[in-house]
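Me: Hey, can you walk me through this one? I'm new to it.
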Amino acid sequence: MQVDAHTHILSLAEDPSFTTEYGREGSLCIYRSEGKLPAHRMPTEEEWEASGYSRAGFPVIGVPETIRDHPGFDKIVILAISPQFLDGELIGTVDSYGITDVPGPPSPEKCNDYIAALQQQDPARIVGYASVNPNYRGPAAAVRELERAVTELGLQGVKLYPMYQDWSPADPVLAFPVFEKAEELGIPVMVHQAGSTRIDARMEYARPALLDAAGRHFRGLRLTIAHVGLPWVDEALFMLTKHPNFFTELSYYIATATGEELYRFLVHAQQFFVPLEKLFFGTDYPGFLYDPVALRAKLLAVNSHAARLGTDPIPQAKLDGIMGDNFARMMGWLP
């Protein structure tokens, strides 16, 4: 199978222009590093327009665009973003353009309804993950919403965003009830336990080691660390070494690494006692530089560096596993 285990969809706020602004700030580091925007201050609107990237970053897309940009993929995981406040505005996954049939005015509080509606547009290929924020209306409300999203809406996992929502995944009051409910429901959890280029993101809640508490207390929980924990990659790998039910996916990291760096990472992971069966392909599509076709090609070409480095190639079966079979086994689709 070929699976993209990490994609986004729709808008991030009721005002569609906010999605563009959010994407611009998140991608600012990329364009600065390429010399296309000033490195020492925020760019002016004129400099944004001159760069050609003024509207780049996080385009608003639906299921047809997602399928179009994933040729050859069997499954695509679309992740909800639960409600949170940013600069006084309520943000989260919202259908600002009427792409779904969810009734009523657009609101991030319907994030899981939107993702479920999109999953129904192509249930053979689209895998919807819910999202809840225990710091929004409290952990009890988050648990109720998670149960509704799974048992009534049919969503198949949950994505959590502690560093964006100002709560720690090691907090027994806020985090543990959500992990407990996910374990009870038998669904996998993905946690954005990695850095962020958003200025408002709380890096103190981002380290992968903060998931150790969940691994100790919820032994049956299937937990995926998003983005290989970048920049704490070794810390994330050690969580996979320690906890049998922990996994990770390659989005963001795979876009920043060269082909040789990606090959060395796969070798390093095995030397770190991490089976490559614990790794999933992911892109973070549609944001920034995350082209699923190009990133798939990068992964499948890593062995071109083996002979020059004098090391053994990664077995093709393991690369195929990363591309999709590993995720399918974690979900129970394959034996």
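Reply: Sure. A nonpolar core here means a set of buried Ala, Val, Leu, Ile, Met, Phe, Trp, Tyr and Cys residues joined through side-chain atoms within 4.5 Å. Keep in mind that this is a predicted model.

Me: OK, so how many residues are in the largest nonpolar core?
Reply: That core has 74 residues. Phe179, Phe265, Leu266 and Leu299 have the most contacts inside it.

Me: What is phenylalanine 265 in contact with, leaving aside its neighbours within four places in sequence?
Reply: Its partners are Val228, Val233, Leu237, Leu250, Tyr253 and Leu279. There's also a second, separate core of 26 residues, which includes Tyr22, Leu79, Ile81 and Trp232.

Me: Back to Phe179. Which helix is that in?
Reply: Phe179 is in α7, residues 176-185, where it is buried along with Phe176, Val178, Lys181 and Ala182.

Me: And what do the buried residues of α7 pack against?
Reply: They pack against two helices, α5 (139-151) and α8 (212-217), and against the strands β7 (157-160), β8 (189-191) and β9 (223-225).

Me: What follows α7?
Reply: Glycine 186, with a positive phi near 75 degrees.

Me: Switching to pockets: how much space lies in the second largest one?
Reply: About 210 Å³. It is lined by 13 residues, and Pro83, Tyr136, Arg137, Ala141 and Glu145 are the closest to its centre.

Me: Which elements give two or more residues to that lining?
Reply: α4 (111-121) and α5. The largest share, three residues, comes from α5.

Me: How does the lining divide into nonpolar, polar and charged?
Reply: Six are nonpolar, four polar and three charged.

Conventions: Residues are numbered from 1 along each chain as its sequence is written. This is a predicted model: local features need pLDDT of at least 70, side-chain atom pairs count only at pLDDT 80 or more; totals for chains, interfaces and linings use all residues. Side-chain values use heavy atoms; hydrogens and water are left out. Buried means under 20% relative accessible area, exposed over 50%, partly exposed in between (1.4 Å probe, protein chains only). Helices (H or I, at least four residues) and strands (E, at least two) are DSSP runs, numbered from the N terminus. Contact means heavy atoms within 4.5 Å. On a 1 Å grid over the protein atoms alone, a cavity is a set of points where a 1.4 Å probe fits but cannot get out, and a pocket is an open set with protein on both sides within 12 Å along at least five of seven lines; lining residues have an atom within 4 Å of a point. Grid points are joined across faces, edges and corners, and a volume is the space filled by probe spheres set on the points. Ala, Val, Leu, Ile, Met, Phe, Trp, Tyr, Cys and Pro count as nonpolar, Asp, Glu, Lys and Arg as charged, and the others, Gly among them, as polar.
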